[in-house]
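Welcome! Here is a friendly walk through one protein model, from a single helix and its surroundings to the overall numbers.

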Amino acid sequence: MEFTPAPPVHRVLCADCGTPIVPNSANLCVACLRNTVDITEGIPKQASVSFCRNCERFLSPPQAWTIAKPESSELLSICLKKLKGLNKVRLTDAHFIWTEPHSKRLRVSITIQKEVLTNTILEQTFEIEYLVQYGQCPDCTKLAAKNTWNSLVQVRQKVPHKRTFLYLEQLILKHNAQKDTISVKEVKDGLDFFYSSRSHALKMVEFLQGVVPVRSKSSEQIISSDTHTNTANFKYTYSVEILPICKDDLVCIPPKQARSMGNISSLTICTRVGNSIHLLDPQTLQSCDITANVYWRSPFYTLATVTDLVEFTVLDIEPDHRRSKGKIVMADAQVALSGAFRSSGGAHDDDDMMDYDGQGVTNQIYHTRTHLGAILQPGDTALGYHLTNSNYNSDDFATLESGRIPDIILVKKAYPNRRKKNKTRGWRLRSISKEAGEEGETGDARGIVGRLGGRDQKKVDQDYELFLRDIEEDPEIRAGVNLYKAPDVKMVAPEEPRGPKKKKRAQFAMDVDEMAEPEEVVRTTINGNVDEEEQEDEPDFPEISLDELLEDFDEMTLGPESGPAAQE
(Lines give C-alpha, C1' and ligand atoms only; values in the text may rest on other atoms or scores of the structure.)
Protein backbone atom coordinates (compact mmCIF):
# COMPACT_ATOMS: atom_id res chain seq x y z
CA MET A 1 0.00 0.00 0.00
CA GLU A 2 1.53 3.25 -1.10
CA PHE A 3 1.66 6.33 1.10
CA THR A 4 -0.32 9.26 -0.21
CA PRO A 5 0.73 12.59 1.34
CA ALA A 6 -1.96 15.10 2.31
CA PRO A 7 -2.29 18.18 0.20
CA PRO A 8 -0.12 20.99 1.45
CA VAL A 9 -1.83 23.69 3.55
CA HIS A 10 -0.75 27.13 2.60
CA ARG A 11 -0.53 29.55 5.51
CA VAL A 12 0.01 33.25 5.66
CA LEU A 13 1.00 35.55 8.46
CA CYS A 14 -1.61 37.66 10.29
CA ALA A 15 -1.40 41.23 9.13
CA ASP A 16 -1.41 42.53 12.75
CA CYS A 17 0.32 39.99 15.00
CA GLY A 18 2.19 37.80 12.47
CA THR A 19 0.65 34.51 13.61
CA PRO A 20 0.48 31.83 10.85
CA ILE A 21 -3.16 31.44 9.85
CA VAL A 22 -5.19 29.88 7.11
CA PRO A 23 -5.69 32.49 4.43
CA ASN A 24 -8.98 34.44 4.61
CA SER A 25 -10.37 37.56 3.03
CA ALA A 26 -9.22 39.76 5.92
CA ASN A 27 -5.82 38.07 6.43
CA LEU A 28 -6.37 38.45 10.19
CA CYS A 29 -6.45 35.86 12.96
CA VAL A 30 -9.56 35.41 15.11
CA ALA A 31 -8.16 37.41 18.05
CA CYS A 32 -7.18 40.34 15.86
CA LEU A 33 -10.45 40.14 13.99
CA ARG A 34 -12.39 40.47 17.29
CA ASN A 35 -10.22 43.44 18.25
CA THR A 36 -10.87 45.06 14.93
CA VAL A 37 -14.59 44.30 14.52
CA ASP A 38 -17.07 44.27 17.45
CA ILE A 39 -20.26 42.41 16.45
CA THR A 40 -21.89 43.31 19.78
CA GLU A 41 -21.87 46.99 18.87
CA GLY A 42 -25.35 48.41 19.17
CA ILE A 43 -26.50 45.81 21.75
CA PRO A 44 -26.73 47.29 25.27
CA LYS A 45 -24.86 45.45 28.02
CA GLN A 46 -27.23 46.67 30.72
CA ALA A 47 -31.01 46.86 30.71
CA SER A 48 -33.96 46.86 33.10
CA VAL A 49 -37.18 44.87 33.47
CA SER A 50 -40.34 46.01 35.28
CA PHE A 51 -41.81 43.77 37.98
CA CYS A 52 -45.13 44.19 39.82
CA ARG A 53 -44.82 42.95 43.40
CA ASN A 54 -48.59 42.74 43.96
CA CYS A 55 -49.45 40.28 41.19
CA GLU A 56 -45.85 39.07 40.61
CA ARG A 57 -45.90 39.76 36.86
CA PHE A 58 -43.22 41.10 34.51
CA LEU A 59 -43.79 43.71 31.81
CA SER A 60 -43.60 42.03 28.42
CA PRO A 61 -43.03 44.75 25.79
CA PRO A 62 -44.89 46.68 24.70
CA GLN A 63 -47.79 46.63 27.22
CA ALA A 64 -48.51 43.05 28.26
CA TRP A 65 -47.90 41.80 31.80
CA THR A 66 -46.91 38.14 32.06
CA ILE A 67 -46.42 35.77 35.00
CA ALA A 68 -42.90 34.32 34.75
CA LYS A 69 -40.99 32.19 37.22
CA PRO A 70 -37.29 32.85 37.92
CA GLU A 71 -34.96 31.50 35.20
CA SER A 72 -37.90 30.34 33.11
CA SER A 73 -38.21 30.45 29.36
CA GLU A 74 -40.95 33.07 29.65
CA LEU A 75 -38.68 35.38 31.65
CA LEU A 76 -35.83 34.79 29.19
CA SER A 77 -38.01 35.81 26.26
CA ILE A 78 -39.02 38.99 28.14
CA CYS A 79 -35.36 39.83 28.73
CA LEU A 80 -34.45 39.29 25.06
CA LYS A 81 -37.31 41.51 23.93
CA LYS A 82 -35.80 44.37 25.94
CA LEU A 83 -32.60 44.28 23.82
CA LYS A 84 -32.22 46.45 20.75
CA GLY A 85 -30.04 45.35 17.86
CA LEU A 86 -30.63 41.59 18.08
CA ASN A 87 -32.38 41.69 14.72
CA LYS A 88 -29.04 42.52 13.03
CA VAL A 89 -27.25 39.42 14.34
CA ARG A 90 -27.98 35.71 14.62
CA LEU A 91 -28.76 34.50 18.14
CA THR A 92 -27.45 30.97 18.74
CA ASP A 93 -27.65 30.55 22.53
CA ALA A 94 -29.01 32.31 25.61
CA HIS A 95 -29.22 31.20 29.23
CA PHE A 96 -29.35 32.62 32.75
CA ILE A 97 -26.36 32.95 35.07
CA TRP A 98 -27.23 32.36 38.72
CA THR A 99 -27.57 35.42 40.95
CA GLU A 100 -28.78 35.99 44.49
CA PRO A 101 -32.60 36.14 44.60
CA HIS A 102 -32.55 39.31 46.72
CA SER A 103 -30.02 41.13 44.54
CA LYS A 104 -32.66 42.42 42.10
CA ARG A 105 -30.29 41.51 39.27
CA LEU A 106 -30.65 39.14 36.33
CA ARG A 107 -27.60 38.00 34.33
CA VAL A 108 -28.02 36.47 30.89
CA SER A 109 -25.28 34.91 28.76
CA ILE A 110 -25.84 35.39 25.01
CA THR A 111 -23.99 33.89 22.04
CA ILE A 112 -24.42 35.60 18.65
CA GLN A 113 -22.98 35.22 15.12
CA LYS A 114 -22.49 37.78 12.38
CA GLU A 115 -20.82 37.94 8.97
CA VAL A 116 -18.15 40.61 9.23
CA LEU A 117 -16.29 40.23 5.91
CA THR A 118 -16.84 38.25 2.77
CA ASN A 119 -17.44 34.61 3.76
CA THR A 120 -16.22 35.35 7.30
CA ILE A 121 -18.61 34.63 10.19
CA LEU A 122 -17.64 35.71 13.67
CA GLU A 123 -19.16 34.24 16.87
CA GLN A 124 -19.02 35.98 20.23
CA THR A 125 -20.37 35.30 23.76
CA PHE A 126 -21.06 38.09 26.23
CA GLU A 127 -23.14 38.83 29.35
CA ILE A 128 -25.98 41.27 29.87
CA GLU A 129 -27.10 42.45 33.30
CA TYR A 130 -30.74 43.36 33.95
CA LEU A 131 -31.94 45.49 36.84
CA VAL A 132 -35.34 44.43 38.25
CA GLN A 133 -37.35 47.59 38.85
CA TYR A 134 -40.39 47.39 41.10
CA GLY A 135 -43.60 49.06 39.97
CA GLN A 136 -47.33 48.57 39.62
CA CYS A 137 -49.20 47.17 36.67
CA PRO A 138 -52.37 49.00 35.54
CA ASP A 139 -54.60 46.37 37.15
CA CYS A 140 -52.92 46.72 40.54
CA THR A 141 -53.04 50.49 40.21
CA LYS A 142 -56.81 50.28 39.83
CA LEU A 143 -56.96 48.01 42.85
CA ALA A 144 -55.04 50.53 44.94
CA ALA A 145 -57.30 53.37 43.88
CA LYS A 146 -60.97 53.66 44.78
CA ASN A 147 -63.94 53.36 42.41
CA THR A 148 -61.85 52.35 39.42
CA TRP A 149 -63.99 49.36 38.55
CA ASN A 150 -65.25 48.80 35.04
CA SER A 151 -68.05 46.29 35.68
CA LEU A 152 -70.34 45.62 38.63
CA VAL A 153 -72.44 42.55 39.41
CA GLN A 154 -75.25 43.25 41.89
CA VAL A 155 -76.61 40.06 43.47
CA ARG A 156 -79.86 40.50 45.39
CA GLN A 157 -82.37 38.30 47.20
CA LYS A 158 -85.30 39.87 49.01
CA VAL A 159 -85.46 37.60 52.06
CA PRO A 160 -84.98 38.46 55.77
CA HIS A 161 -81.88 36.27 56.20
CA LYS A 162 -78.43 35.80 54.67
CA ARG A 163 -78.13 32.00 54.51
CA THR A 164 -78.35 31.99 50.72
CA PHE A 165 -75.32 34.25 50.42
CA LEU A 166 -73.41 32.19 52.97
CA TYR A 167 -73.96 29.14 50.77
CA LEU A 168 -73.22 31.14 47.61
CA GLU A 169 -69.92 32.29 49.09
CA GLN A 170 -68.87 28.67 49.61
CA LEU A 171 -69.84 27.76 46.05
CA ILE A 172 -67.75 30.66 44.73
CA LEU A 173 -64.75 29.49 46.76
CA LYS A 174 -65.16 25.87 45.69
CA HIS A 175 -65.14 26.79 41.99
CA ASN A 176 -62.55 29.58 42.42
CA ALA A 177 -64.94 32.07 40.84
CA GLN A 178 -63.58 34.98 42.92
CA LYS A 179 -60.11 35.05 41.31
CA ASP A 180 -60.91 38.02 39.00
CA THR A 181 -62.88 40.00 41.60
CA ILE A 182 -61.44 43.37 42.59
CA SER A 183 -63.55 43.74 45.72
CA VAL A 184 -66.77 42.54 47.33
CA LYS A 185 -69.14 44.79 49.23
CA GLU A 186 -72.15 43.85 51.34
CA VAL A 187 -75.33 45.85 50.85
CA LYS A 188 -78.80 45.64 52.35
CA ASP A 189 -80.28 42.77 50.34
CA GLY A 190 -77.19 41.12 48.89
CA LEU A 191 -73.64 41.56 47.63
CA ASP A 192 -71.83 43.68 45.03
CA PHE A 193 -68.93 42.20 43.04
CA PHE A 194 -66.56 44.66 41.33
CA TYR A 195 -64.45 43.78 38.27
CA SER A 196 -61.90 45.53 36.12
CA SER A 197 -63.10 43.88 32.91
CA ARG A 198 -66.53 43.30 31.42
CA SER A 199 -65.66 39.73 30.46
CA HIS A 200 -64.94 38.86 34.10
CA ALA A 201 -68.35 40.20 35.15
CA LEU A 202 -70.07 38.17 32.42
CA LYS A 203 -68.25 35.08 33.63
CA MET A 204 -69.59 35.64 37.17
CA VAL A 205 -73.14 36.12 35.85
CA GLU A 206 -72.90 32.83 33.94
CA PHE A 207 -71.61 31.11 37.07
CA LEU A 208 -74.53 32.40 39.13
CA GLN A 209 -77.00 31.23 36.50
CA GLY A 210 -75.56 27.74 36.78
CA VAL A 211 -75.76 27.36 40.57
CA VAL A 212 -78.84 29.31 41.69
CA PRO A 213 -82.14 30.27 39.98
CA VAL A 214 -81.77 33.89 38.93
CA ARG A 215 -82.87 36.49 36.45
CA SER A 216 -80.52 39.18 35.25
CA LYS A 217 -80.49 42.42 33.32
CA SER A 218 -77.68 44.72 32.28
CA SER A 219 -77.13 48.44 31.87
CA GLU A 220 -74.26 50.68 30.87
CA GLN A 221 -73.20 54.22 31.63
CA ILE A 222 -70.94 56.29 29.41
CA ILE A 223 -67.92 57.75 31.18
CA SER A 224 -66.06 59.50 28.36
CA SER A 225 -66.10 59.62 24.58
CA ASP A 226 -63.88 60.78 21.73
CA THR A 227 -65.73 62.10 18.70
CA HIS A 228 -62.61 62.10 16.54
CA THR A 229 -61.87 58.39 16.91
CA ASN A 230 -65.48 57.38 17.61
CA THR A 231 -64.56 55.58 20.83
CA ALA A 232 -66.09 55.71 24.30
CA ASN A 233 -65.56 54.32 27.80
CA PHE A 234 -68.44 52.66 29.62
CA LYS A 235 -69.18 51.27 33.06
CA TYR A 236 -71.33 48.14 32.97
CA THR A 237 -73.74 47.01 35.68
CA TYR A 238 -75.39 43.59 35.84
CA SER A 239 -78.33 43.13 38.20
CA VAL A 240 -78.87 39.51 39.29
CA GLU A 241 -81.91 38.66 41.43
CA ILE A 242 -82.17 35.29 43.16
CA LEU A 243 -85.54 33.66 43.70
CA PRO A 244 -86.94 34.58 47.14
CA ILE A 245 -87.51 30.91 48.03
CA CYS A 246 -85.01 29.02 50.19
CA LYS A 247 -84.62 25.49 51.46
CA ASP A 248 -87.27 24.27 53.96
CA ASP A 249 -89.58 27.20 53.20
CA LEU A 250 -93.35 26.68 53.10
CA VAL A 251 -94.72 27.65 49.68
CA CYS A 252 -98.27 28.10 48.43
CA ILE A 253 -98.37 27.67 44.65
CA PRO A 254 -101.22 29.49 42.87
CA PRO A 255 -103.95 26.93 42.05
CA LYS A 256 -103.79 27.57 38.30
CA GLN A 257 -100.03 27.08 38.22
CA ALA A 258 -100.27 24.00 40.48
CA ARG A 259 -102.67 22.34 38.02
CA SER A 260 -100.21 22.96 35.19
CA MET A 261 -97.47 21.17 37.16
CA GLY A 262 -99.13 17.76 37.27
CA ASN A 263 -101.99 18.86 39.53
CA ILE A 264 -99.70 19.06 42.56
CA SER A 265 -101.03 20.33 45.86
CA SER A 266 -100.68 24.05 46.44
CA LEU A 267 -99.07 23.60 49.88
CA THR A 268 -95.52 22.38 49.35
CA ILE A 269 -92.12 22.70 50.98
CA CYS A 270 -88.87 23.53 49.21
CA THR A 271 -86.46 20.62 49.62
CA ARG A 272 -83.60 21.67 47.36
CA VAL A 273 -82.34 24.80 45.59
CA GLY A 274 -80.01 24.52 42.61
CA ASN A 275 -80.37 26.19 39.23
CA SER A 276 -84.06 25.42 39.86
CA ILE A 277 -86.16 24.95 43.00
CA HIS A 278 -87.48 21.50 43.95
CA LEU A 279 -90.89 21.52 45.65
CA LEU A 280 -92.36 18.51 47.46
CA ASP A 281 -95.88 17.79 48.66
CA PRO A 282 -95.40 15.93 51.97
CA GLN A 283 -98.97 14.57 51.84
CA THR A 284 -98.60 12.71 48.52
CA LEU A 285 -94.80 12.72 47.84
CA GLN A 286 -95.49 14.45 44.54
CA SER A 287 -92.71 16.81 43.50
CA CYS A 288 -91.93 19.32 40.78
CA ASP A 289 -89.02 21.44 39.60
CA ILE A 290 -89.56 25.11 38.83
CA THR A 291 -86.94 26.85 36.72
CA ALA A 292 -86.20 30.55 36.92
CA ASN A 293 -87.98 31.32 33.64
CA VAL A 294 -91.16 29.54 34.75
CA TYR A 295 -91.10 31.21 38.16
CA TRP A 296 -90.66 34.78 36.93
CA ARG A 297 -93.49 34.28 34.45
CA SER A 298 -95.91 34.09 37.39
CA PRO A 299 -94.01 34.67 40.66
CA PHE A 300 -95.25 33.55 44.06
CA TYR A 301 -93.77 33.91 47.51
CA THR A 302 -93.25 31.89 50.66
CA LEU A 303 -95.78 31.59 53.46
CA ALA A 304 -93.25 30.85 56.21
CA THR A 305 -89.50 30.45 56.59
CA VAL A 306 -87.30 28.35 58.86
CA THR A 307 -87.52 30.95 61.61
CA ASP A 308 -91.22 30.05 61.95
CA LEU A 309 -90.53 26.35 62.58
CA VAL A 310 -91.97 24.85 65.77
CA GLU A 311 -90.62 21.85 67.70
CA PHE A 312 -92.84 18.78 67.86
CA THR A 313 -92.36 15.48 69.68
CA VAL A 314 -93.14 12.33 67.71
CA LEU A 315 -95.45 10.10 69.77
CA ASP A 316 -96.06 7.38 67.19
CA ILE A 317 -95.23 6.85 63.53
CA GLU A 318 -96.31 4.22 61.02
CA PRO A 319 -94.19 4.27 57.84
CA ASP A 320 -95.74 2.93 54.64
CA HIS A 321 -92.84 1.51 52.62
CA ARG A 322 -95.14 0.81 49.70
CA ARG A 323 -95.43 4.56 49.19
CA SER A 324 -91.82 5.65 48.93
CA LYS A 325 -89.81 7.71 46.51
CA GLY A 326 -86.09 7.16 46.74
CA LYS A 327 -85.01 7.91 50.31
CA ILE A 328 -88.37 9.49 51.11
CA VAL A 329 -90.97 7.26 52.80
CA MET A 330 -94.56 8.23 53.47
CA ALA A 331 -95.70 7.80 57.09
CA ASP A 332 -98.67 8.57 59.34
CA ALA A 333 -97.48 10.27 62.51
CA GLN A 334 -98.94 11.37 65.82
CA VAL A 335 -97.14 14.39 67.23
CA ALA A 336 -97.54 16.92 69.99
CA LEU A 337 -95.94 20.22 70.77
CA SER A 338 -92.55 19.89 72.39
CA GLY A 339 -93.05 19.96 76.17
CA ALA A 340 -96.81 19.45 75.87
CA PHE A 341 -96.90 16.79 78.60
CA ARG A 342 -94.22 18.36 80.77
CA SER A 343 -94.91 18.45 84.48
CA SER A 344 -95.58 21.91 85.81
CA GLY A 345 -94.20 21.23 89.30
CA GLY A 346 -90.55 21.99 88.51
CA ALA A 347 -88.88 25.34 88.28
CA HIS A 348 -88.62 25.43 84.51
CA ASP A 349 -90.23 28.74 83.67
CA ASP A 350 -88.67 30.32 80.62
CA ASP A 351 -89.55 33.78 79.43
CA ASP A 352 -88.66 32.91 75.83
CA MET A 353 -90.96 29.87 75.75
CA MET A 354 -94.37 30.37 74.19
CA ASP A 355 -97.23 29.97 76.66
CA TYR A 356 -99.24 27.21 75.05
CA ASP A 357 -101.43 26.87 78.17
CA GLY A 358 -103.08 30.16 77.33
CA GLN A 359 -104.02 28.85 73.88
CA GLY A 360 -105.62 25.66 75.09
CA VAL A 361 -103.50 23.41 72.87
CA THR A 362 -100.98 22.15 75.44
CA ASN A 363 -101.95 18.51 75.54
CA GLN A 364 -103.44 18.22 72.09
CA ILE A 365 -102.24 15.40 69.82
CA TYR A 366 -102.06 16.03 66.08
CA HIS A 367 -102.32 13.43 63.31
CA THR A 368 -100.47 14.20 60.12
CA ARG A 369 -98.77 12.66 57.13
CA THR A 370 -95.10 13.24 56.60
CA HIS A 371 -92.34 12.38 54.17
CA LEU A 372 -89.87 11.68 57.01
CA GLY A 373 -90.96 8.09 57.64
CA ALA A 374 -87.46 6.75 56.96
CA ILE A 375 -85.72 8.78 59.70
CA LEU A 376 -88.31 9.52 62.40
CA GLN A 377 -88.85 7.24 65.39
CA PRO A 378 -91.18 7.56 68.40
CA GLY A 379 -89.63 9.97 70.88
CA ASP A 380 -87.73 11.99 68.27
CA THR A 381 -88.05 15.73 67.86
CA ALA A 382 -89.09 17.22 64.53
CA LEU A 383 -89.45 20.76 63.25
CA GLY A 384 -92.54 21.75 61.34
CA TYR A 385 -95.03 24.48 60.55
CA HIS A 386 -98.04 24.84 62.85
CA LEU A 387 -100.71 25.85 60.35
CA THR A 388 -103.57 25.74 62.86
CA ASN A 389 -102.14 28.62 64.91
CA SER A 390 -100.82 30.60 61.93
CA ASN A 391 -102.34 33.44 59.98
CA TYR A 392 -100.89 34.00 56.51
CA ASN A 393 -101.44 37.08 54.41
CA SER A 394 -101.81 35.28 51.09
CA ASP A 395 -104.69 35.34 48.62
CA ASP A 396 -103.66 31.94 47.23
CA PHE A 397 -103.72 30.40 50.71
CA ALA A 398 -107.16 31.92 51.41
CA THR A 399 -108.62 30.20 48.34
CA LEU A 400 -107.67 26.73 49.59
CA GLU A 401 -110.36 24.51 51.06
CA SER A 402 -110.10 24.29 54.85
CA GLY A 403 -110.47 20.50 54.72
CA ARG A 404 -107.36 20.15 52.55
CA ILE A 405 -105.12 22.19 54.85
CA PRO A 406 -103.28 19.95 57.36
CA ASP A 407 -102.80 21.00 60.98
CA ILE A 408 -99.06 20.57 60.80
CA ILE A 409 -96.42 20.02 58.11
CA LEU A 410 -93.24 18.38 59.37
CA VAL A 411 -90.12 19.57 57.59
CA LYS A 412 -87.04 17.95 59.12
CA LYS A 413 -85.71 16.11 62.14
CA ALA A 414 -84.15 18.07 65.00
CA TYR A 415 -81.46 17.15 67.54
CA PRO A 416 -82.15 19.30 70.63
CA ASN A 417 -80.09 17.23 73.09
CA ARG A 418 -76.91 17.49 71.05
CA ARG A 419 -77.50 21.16 70.20
CA LYS A 420 -77.72 22.10 73.89
CA LYS A 421 -74.13 20.98 74.43
CA ASN A 422 -71.69 23.55 73.14
CA LYS A 423 -69.28 21.15 71.52
CA THR A 424 -66.62 22.45 69.18
CA ARG A 425 -66.97 21.40 65.58
CA GLY A 426 -63.98 19.65 64.09
CA TRP A 427 -64.23 21.51 60.79
CA ARG A 428 -64.30 25.04 59.49
CA LEU A 429 -65.13 27.01 56.37
CA ARG A 430 -63.15 29.43 54.26
CA SER A 431 -64.30 32.94 53.52
CA ILE A 432 -63.59 35.50 50.82
CA SER A 433 -62.83 38.46 53.11
CA LYS A 434 -60.44 38.16 56.03
CA GLU A 435 -61.06 41.39 57.91
CA ALA A 436 -63.64 44.12 57.79
CA GLY A 437 -62.54 46.51 55.08
CA GLU A 438 -59.92 44.16 53.58
CA GLU A 439 -61.80 43.40 50.40
CA GLY A 440 -60.62 40.63 48.10
CA GLU A 441 -58.64 38.83 50.79
CA THR A 442 -59.05 35.16 51.66
CA GLY A 443 -59.21 33.97 55.23
CA ASP A 444 -61.19 32.03 57.80
CA ALA A 445 -63.29 34.80 59.36
CA ARG A 446 -67.02 35.41 58.77
CA GLY A 447 -66.14 37.18 55.53
CA ILE A 448 -68.34 39.22 53.24
CA VAL A 449 -71.60 38.34 55.01
CA GLY A 450 -72.20 40.13 58.30
CA ARG A 451 -69.78 43.01 57.71
CA LEU A 452 -72.40 45.65 56.96
CA GLY A 453 -72.48 48.24 59.70
CA GLY A 454 -75.68 48.66 61.68
CA ARG A 455 -76.91 45.10 61.28
CA ASP A 456 -78.03 43.06 64.25
CA GLN A 457 -75.03 40.89 65.11
CA LYS A 458 -77.23 38.41 66.94
CA LYS A 459 -79.29 37.89 63.77
CA VAL A 460 -76.09 37.41 61.75
CA ASP A 461 -74.80 34.79 64.18
CA GLN A 462 -78.14 33.02 64.13
CA ASP A 463 -78.13 32.82 60.31
CA TYR A 464 -74.57 31.51 60.35
CA GLU A 465 -75.42 28.85 62.93
CA LEU A 466 -78.44 27.68 60.92
CA PHE A 467 -76.23 27.48 57.85
CA LEU A 468 -73.69 25.32 59.69
CA ARG A 469 -76.49 23.03 60.84
CA ASP A 470 -77.73 22.68 57.27
CA ILE A 471 -74.24 21.62 56.23
CA GLU A 472 -74.16 18.96 58.94
CA GLU A 473 -77.62 17.58 58.30
CA ASP A 474 -77.81 17.70 54.49
CA PRO A 475 -75.26 15.65 52.49
CA GLU A 476 -76.30 17.38 49.24
CA ILE A 477 -75.33 20.80 50.60
CA ARG A 478 -72.13 19.34 52.03
CA ALA A 479 -71.18 18.04 48.57
CA GLY A 480 -71.04 21.59 47.22
CA VAL A 481 -68.90 23.00 50.06
CA ASN A 482 -65.23 22.57 50.88
CA LEU A 483 -64.79 21.68 54.56
CA TYR A 484 -61.40 22.00 56.21
CA LYS A 485 -59.99 20.43 59.31
CA ALA A 486 -60.03 22.70 62.30
CA PRO A 487 -56.93 23.02 64.51
CA ASP A 488 -56.73 20.51 67.33
CA VAL A 489 -58.82 21.56 70.30
CA LYS A 490 -56.85 21.53 73.53
CA MET A 491 -58.64 19.46 76.13
CA VAL A 492 -58.27 20.67 79.71
CA ALA A 493 -57.99 17.94 82.32
CA PRO A 494 -60.58 18.12 85.11
CA GLU A 495 -59.24 19.86 88.15
CA GLU A 496 -59.02 17.90 91.35
CA PRO A 497 -61.01 19.27 94.28
CA ARG A 498 -58.82 21.49 96.35
CA GLY A 499 -59.32 23.00 99.76
CA PRO A 500 -59.04 26.64 100.64
CA LYS A 501 -55.78 28.37 99.89
CA LYS A 502 -53.18 28.22 102.64
CA LYS A 503 -51.62 31.33 103.98
CA LYS A 504 -48.06 32.02 103.02
CA ARG A 505 -45.76 30.82 105.80
CA ALA A 506 -42.49 32.32 106.80
CA GLN A 507 -39.28 30.34 106.50
CA PHE A 508 -38.81 27.57 109.14
CA ALA A 509 -42.45 28.02 110.25
CA MET A 510 -44.13 25.06 111.93
CA ASP A 511 -46.54 22.91 109.91
CA VAL A 512 -50.09 22.90 111.27
CA ASP A 513 -52.87 20.64 109.95
CA GLU A 514 -55.83 22.63 108.76
CA MET A 515 -59.36 21.29 108.45
CA ALA A 516 -60.63 21.57 104.90
CA GLU A 517 -64.17 22.81 104.65
CA PRO A 518 -66.47 20.60 102.58
CA GLU A 519 -67.30 22.06 99.19
CA GLU A 520 -70.89 22.67 98.28
CA VAL A 521 -71.93 20.73 95.19
CA VAL A 522 -74.62 22.27 93.01
CA ARG A 523 -76.10 20.22 90.18
CA THR A 524 -77.74 22.05 87.34
CA THR A 525 -80.91 20.36 86.21
CA ILE A 526 -83.18 20.71 83.23
CA ASN A 527 -86.93 20.41 83.69
CA GLY A 528 -86.22 19.77 87.35
CA ASN A 529 -85.30 16.10 86.96
CA VAL A 530 -82.56 15.47 84.38
CA ASP A 531 -78.97 16.74 84.42
CA GLU A 532 -77.84 18.46 81.25
CA GLU A 533 -74.67 16.40 81.08
CA GLU A 534 -76.62 13.19 81.60
CA GLN A 535 -78.89 13.75 78.62
CA GLU A 536 -78.14 11.19 75.94
CA ASP A 537 -77.23 12.36 72.46
CA GLU A 538 -79.34 11.30 69.54
CA PRO A 539 -77.81 8.11 68.09
CA ASP A 540 -78.37 9.24 64.49
CA PHE A 541 -76.89 12.71 64.92
CA PRO A 542 -75.15 13.55 61.60
CA GLU A 543 -71.40 13.48 62.10
CA ILE A 544 -69.00 14.68 59.41
CA SER A 545 -66.30 12.09 58.81
CA LEU A 546 -62.63 12.93 58.39
CA ASP A 547 -62.75 11.69 54.80
CA GLU A 548 -64.92 14.68 53.87
CA LEU A 549 -62.46 17.22 55.32
CA LEU A 550 -59.57 18.84 53.47
CA GLU A 551 -56.23 19.70 54.96
CA ASP A 552 -55.35 23.29 55.75
CA PHE A 553 -53.10 24.90 53.15
CA ASP A 554 -50.47 27.56 53.65
CA GLU A 555 -52.10 30.01 51.28
CA MET A 556 -55.27 29.97 53.35
CA THR A 557 -53.50 31.61 56.32
CA LEU A 558 -55.57 29.60 58.75
CA GLY A 559 -54.36 29.21 62.29
CA PRO A 560 -55.48 29.35 65.91
CA GLU A 561 -54.69 33.03 66.04
CA SER A 562 -56.70 33.83 62.91
CA GLY A 563 -60.05 33.22 64.54
CA PRO A 564 -62.10 30.68 66.43
CA ALA A 565 -63.29 27.52 64.81
CA ALA A 566 -66.93 27.15 63.94
CA GLN A 567 -68.80 26.38 67.12
CA GLU A 568 -72.32 25.49 67.91
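Which strands do the buried residues of H2 pack against? They pack against S3, S4, S5, strand S6 (90-97), strand S7 (105-117) and strand S8 (120-135). Helix H2 covers residues 73-81, and its buried residues are Leu75, Leu76, Ile78, Cys79 and Leu80. Buried here means under 20% relative accessible area, exposed means over 50%, and partly exposed lies in between (1.4 Å probe, protein chains only). Helices (H or I, at least four residues) and strands (E, at least two) are DSSP runs, numbered from the N terminus.

Before going further, please note that this is a predicted model, in which local features need pLDDT of at least 70 and side-chain atom pairs count only at pLDDT 80 or more, while totals for chains, interfaces and linings use all residues. Residues are numbered from 1 along each chain as its sequence is written, and side-chain values use heavy atoms, with hydrogens and water left out.

**Strands beside H2**

Strand S3 (residues 46-52) pairs with strand S4 (residues 57-60) in the antiparallel sense over two bridges; strands count as paired if DSSP finds at least two bridges between them. Cys52 faces Arg57 of S4 across this pairing. The hairpin of S3 and S4 has four residues between the strands, among them Glu56, with a positive phi near 55°. S4 also pairs with strand S5 (residues 64-66), again antiparallel, over three bridges, and Leu59 stands opposite Trp65 in S5. Three residues make up the hairpin connection from S4 to S5. Pro62 lies in that loop, and a cis peptide bond with omega of about 10° joins it to Pro61.

**Unusual backbone angles**

Most residues other than glycine have a negative phi, and most peptide bonds are trans. Two loop residues with a positive phi are set out below.

| Residue | Phi | Loop | Relative accessible area |
|---|---|---|---|
| Glu71 | near 55° | between S5 and H2 | 47%, partly exposed |
| Leu285 | near 65° | between strand S16 (276-280) and strand S17 (287-291) | 6%, buried |

**A helix pair and a small sheet**

Helix H4 (residues 163-174) and helix H5 (residues 198-211) have axes that come within 12 Å and cross at roughly 115°. Axes are lines fitted to C-alpha atoms, for helices over the stretch in contact, with angles running from 0 to 180 degrees between N-to-C directions. On the H4 side, Leu168, Leu171 and Ile172 make the contact; on the H5 side, Met204, Phe207, Leu208 and Val211 do. Contact means heavy atoms within 4.5 Å.

Elsewhere, three strands form an open sheet in the order S24-S25-S28, with mixed pairing. Strand S24 (427-428) and strand S28 (549-550) are at the edges with a single partner strand each, so one side of each has no neighbour in the sheet. Strand S25 (residues 483-485) runs parallel to S28, joined by two bridges, and Tyr484 stands opposite Leu550 in S28.

**The whole protein**

The secondary structure comes to eleven helices and 28 strands. Of the 568 residues, 40% count as buried. Among contacts with a separation of 6 or more, 65% are between residues 24 or more positions apart.

How confident is the predictor, and what is the average pLDDT? The average is 78, and 78% of the residues score at least 70, where pLDDT is the predictor's confidence in each residue, from 0 to 100. Over residues 345-360 pLDDT stays under 50, and the model has eleven contacts there beyond four places in sequence. Residues 553-568 also have pLDDT below 50, with 39 contacts in the model beyond near neighbours in sequence.
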